[in-house]
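Got the model open in your viewer? Let's walk through it one selection at a time, starting with charged side chains and ending in the pockets.

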Amino acid sequence: MREIHCGSVDGVTLAAIVDRHGPTDLLAEPSEPACRIGDIVLARADRVDRSVGMVFLDVGLARPAVLPLRRGVRADGPLLVQLVGLPREGKGAEATHDIALAGRLLVHRPLGSGVAVSSGLPKAATGWIAPPAAGGWIVRRAAAGQSAERVEAEAAALRSRWQSIADKAESARAPTVLEAGPGVAERLVLDTPDIDAIRAGDAVQRRKLGRWLEEKVPEFGGLLAADPIDLAETAAPLLDPLVPLPRGGSLAIETTRALTAIDVDSGGGPDALPANRAAAREIARQIRLRNIGGIVVIDFISMGRRVDRLALMETIRDVFADDPATPR
């Protein structure tokens, strides 16, 4: 069982994947965000700073967005960009020229070239996009097992979507958002390979999500339902660095600028391997719930036998197998 649950609390929209072990991949955003990652914007170049190799863009926000400088960019000129980073800590949003339109099976990079495949797919998956395939493409894991007709249908829809954006840009006046990026629930729908239900507690949210599904992922329209779990209850413990383990013991999670350190405390239990295995399962869940990335250092309970260490490594590979990120 794998469902997407979403709801709102105190002006914040929450969405998570819920499977038989509980919630994972908890995402949050303001219910009325000023901008989203994925927004495609016809921006205006306010200032070109060649000394730092940056263009400062008016994208309609309080602070200018930043864009790596390319040749031919001039101040006051319009630029078609996509937001890839949100404003934070006194810094503006981050933008890119390399626009990407995500579907469930494919990602279309209309200004790119070539075909790449997501991790876990064979290299032969590059052939799942029938030539001629203008622009760049990424074949996503959800494309595995789909018919060539289904993949090509999504490719055609993404090409049509890009043409619509390009047409809007011709007559639009900068700065203006040409296409809004997906919200947190929509992002999970696009990024989750197998879904059994999509649950939204708020009737307004349900209608909005239903319209988006009908337009972008019509085959999932019948999965929309009510009665999500209380995600606010799930979110509250994520502020606590201490996480209790089901068999006793706990995890201590500390995130710094350089890395995230996780310490496993057995709670005095005598058997290190079962405790470490239980900790590995909870660590995999916490990393996805807390959106932890970058370097993660885990201090497991010491084990003297090599066979136990190998068994723990096998457990770690298993619990991270479904993670959309690729652990290295």
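Select Arg44, Asp46 and Asp58: salt bridges link these residues in a network. A salt bridge here is a side-chain nitrogen of Lys or Arg within 4 Å of a carboxyl oxygen of Asp or Glu, and the structure holds 16 of them. A word on ground rules: this is a predicted model, where local features need pLDDT of at least 70, side-chain atom pairs count only at pLDDT 80 or more, and totals for chains, interfaces and linings use all residues. Residues are numbered from 1 along each chain as its sequence is written, and side-chain values use heavy atoms, with hydrogens and water left out.

Next, pick aspartate 191 and arginine 140, a salt bridge whose closest N and O atoms are 2.6 Å apart. This pair links distant parts of the chain, 51 residues apart: aspartate 191 is in helix 2, arginine 140 in the loop between strand 12 (136-139) and helix 1. (Helices, H or I with at least four residues, and strands, E with at least two, are DSSP runs numbered from the N terminus.)

Now show arginine 161 and glutamate 179, bridged at 2.8 Å between the closest N and O atoms. Arginine 161 sits in helix 1 and glutamate 179 in strand 13, so the pair ties together parts that are 18 residues apart in sequence. Both arginine 161 and glutamate 179 are buried, meaning under 20% relative accessible area (exposed is over 50%, partly exposed in between; 1.4 Å probe, protein chains only).

Stay on arginine 161 and look around: it is one of the residues nearest the centre of the second largest pocket, which has 40 lining residues. A pocket is an open set of points on a 1 Å grid over the protein atoms alone, where a 1.4 Å probe fits, with protein on both sides within 12 Å along at least five of seven lines; lining residues have an atom within 4 Å of a point. Helix 1 gives the most to this second pocket's lining, with nine residues.

Where is arginine 290 found? Look in the loop between helix 5 and strand 19. Arginine 290 is buried yet has no salt bridge, and aspartate 240, the nearest side chain of opposite charge, is 6.4 Å away. (Lys and Arg count as positive, Asp and Glu as negative; His and the chain ends are not counted.)

Last stop: select helix 5, which gives the most to the lining of the largest pocket, with seven residues.
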